[in-house]
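User: Please take a close look at one part of this model, the internal cavity, and describe what lines it. Then set out how the sheets are built.

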Amino acid sequence: MAASPSTARALNDRLALRLLQQEGPLTAGQLKQLTGLSRPTVADLVERLTAAGLIGMVGEAGEQRRGPNAKLYGIVADRAHLAALDVRTEGVAVLVSDLVGEVLAEAALPITGDAGTGPAVEQAVNLVERTLKEAGADRLHTVGIGAPGLIDPASGELRDSTGLPEWHRRLVAALQERLPEARVSVENETNLAALAEQRDGAARGRDTFVLLWLGHGTGAAVILDGVLRRGASGGTGEIGFLPVPGTSGLPSATDCEGGFHSLVGAEAVARLAESHGVVTEPEDSPAGVVRAAVAADVPGAAGARFLDALADRVTVGVASLVALLDPGHVVLGGEVGQAGGEALAGRVRERLAAMSPLPADVRASGLGGGAVLRGALLTARDRAQDELFGPGGAAPGRKSSPSGA
């Protein structure tokens with residue numbers, strides 16, 4: 001069945017806007033070439049999108065040729081402003097961007113465990129408001145939040161989790177209250193890191209892969225056939241609870257001690273380093289210890305022996321994921337995975353090849369510590385553009401959402 005004229009216009013508008021997002025400013029002629037649409041159709045959509053305030057003239061092309069220069073059209077970046085948050089146990093990081101994802105301001109704030117729920121929430125919300133002001137914007141269209149813990153698939157909210165601060169759950173509601181015009185959503189930090197790695201990092205262009213998060217906590221994000229899998233209760237990837245050999249017991253429904261987390265969690269990594277004679281200071285984080293071992297990765301040295309032992313442990317979890325999902329590609333993320341880099345990933349890759357009949361490449365994160373923020377920004381941008389670039393968003397004279405402009 002042929003599309004109605006209004007549907008065809010909406011599809012053409014969305015195609016043009018996506019091309020402008022991906023390619024940057026384009027001339028009408030370039031849009032014609034890339035879309036395959038006729039010249040009159042392109043002229044109509046340019047006029048329609050300009051009238052809607054979604055695109056505008058940003059310059060001219062063809063300065064080196066005779067005759068009039070072609071107008072360059074680009075997305076009106078300040079039509080909406082976005083915020084991304086990376087919420088951790090000990091603090092929060094935030095950035096504010098325009099509609100095309102250019103970062104305008106960013107900041108971070110430590111929040112101690114003795115701050116109290118109310119003050120911690122207030123500190124985090126104030127940080128968002130200050131960063132928004134620094135970015136030169138007055139309101140937010142969409143806010144994307146990355147946080148540890150499970151997301152309830154029915155409500156989209158953080159579930160109450162043992163060991164995680166209460167202010168994490170309260171923050172989402174507080175932001176929605178203080179920013180009533182904004183669309184606020186929260187996603188598990190590991191899932192966001194995986195989406196960022198798929199778009200811009202070590203899993204770029206892959207439809208199927210797993211990201212194994214090695215940090216203060218342990219988890220995994222699963223993307224199969226291009227879809228992020230969350231599971232019936234939102235618990236896909238809770239690999240910290242996986243029963244594995246080499247631990248002193250079994251995990252319980254409320255405590256992952258005895259599961260895979262006992263092998264590769266932050267405290268386990270610190271103990272493993274100490275047992276192999278890696279000299280550490282009391283203030284050293286597990287990621288810092290791993291980073292130091294990588295810097296001194298000489299055969300036979302304490303750092304190399306420690307990395308070998310850590311790779312043995314990590315491979316137990318990776319092999320389980322590969323046997324169950326056959327993802328073909330595994331990314332080691334989180335603070336410890338990032339610190340280990342290729343030195344750790346290469347060791348795991350070699351051990352996995354000997355342990356599993358299923359081929360799987362193992363790579364370190366390509367985005368480092370910014371993966372969660374990057375994933376939160378990408379999802380916020382996608383949500384905002386889905387609304388603004390939809391049929392209603394392109395209607396001339398219609399402001400379909402609040403903007404920071």
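Analyst: The residues lining the largest cavity in this predicted model are Pro148, Leu158, Arg159, Asp160, Ser161, Leu164, Pro165, Glu166, His168 and Arg169. The space inside the largest cavity comes to about 40 Å³. A search of the whole structure finds one cavity of 30 Å³ or more. Rolling a probe the size of a water molecule over the atoms shows where empty space is left.

Turning to the sheets, one is an open sheet of five strands in the order 6-5-4-7-8, and its pairing is mixed. Its edge strands are strand 6 (103–110) and strand 8 (183–188), each of which pairs on one side only. From one strand to the next, the twist averages 15 degrees. Strand 7 (residues 142–147) runs parallel to strand 8, and six bridges join the two. Within this pairing, Gly144 has Ser185 in strand 8 as its bridge partner. Helix 6 (residues 189–200) packs on the sheet, where it touches strand 4 (81–88), strand 7 and strand 8. The direction of helix 6 makes about 95 degrees with that of strand 8.

Another open sheet is formed by five strands in the order 11-10-9-12-13, again with mixed pairing. Strand 11 (227–229) and strand 13 (361–364) each have a single partner strand, so one side of each is left without a neighbour in the sheet. Here the twist averages 25 degrees from one strand to the next. Strand 9 (residues 209–214) pairs with strand 12 (residues 329–333) in the parallel sense over four bridges, and Val210 stands opposite Val330 in strand 12.

Two helices lie across strands of this sheet. Helix 10 (residues 302–325) lies across strand 9, strand 10 (218–224), strand 12 and strand 13, and runs at about 155 degrees to strand 9. Helix 11 (residues 334–355) lies across strand 9, strand 12 and strand 13, with an angle of about 155 degrees to strand 13.

One residue in a helix can be added. Gln21 belongs to helix 1 (residues 5–23). Gln21 counts as buried because its relative accessible area is 16%, below the 20% cut-off. The side chain of Gln21 makes a polar contact of 2.3 Å with the side chain of Gln385. Leaving out residues up to four places away in sequence, Gln21 touches Ile75, Leu99, Val100, Arg381 and Gln385.

Terms used:
Residues are numbered from 1 along each chain as its sequence is written. This is a predicted model: local features need pLDDT of at least 70, side-chain atom pairs count only at pLDDT 80 or more; totals for chains, interfaces and linings use all residues. Side-chain values use heavy atoms; hydrogens and water are left out. Two strands pair if DSSP finds at least two bridges between them. Axes are lines fitted to C-alpha atoms, for helices over the stretch in contact, and angles run from 0 to 180 degrees between N-to-C directions. Contact means heavy atoms within 4.5 Å. Buried means under 20% relative accessible area, exposed over 50%, partly exposed in between (1.4 Å probe, protein chains only). A polar contact is a pair of N or O atoms within 3.5 Å; within protein, one must be able to donate a hydrogen and the other to accept it, and residues adjacent in sequence count only if both atoms are side-chain atoms. On a 1 Å grid over the protein atoms alone, a cavity is a set of points where a 1.4 Å probe fits but cannot get out, and a pocket is an open set with protein on both sides within 12 Å along at least five of seven lines; lining residues have an atom within 4 Å of a point. Grid points are joined across faces, edges and corners, and a volume is the space filled by probe spheres set on the points.
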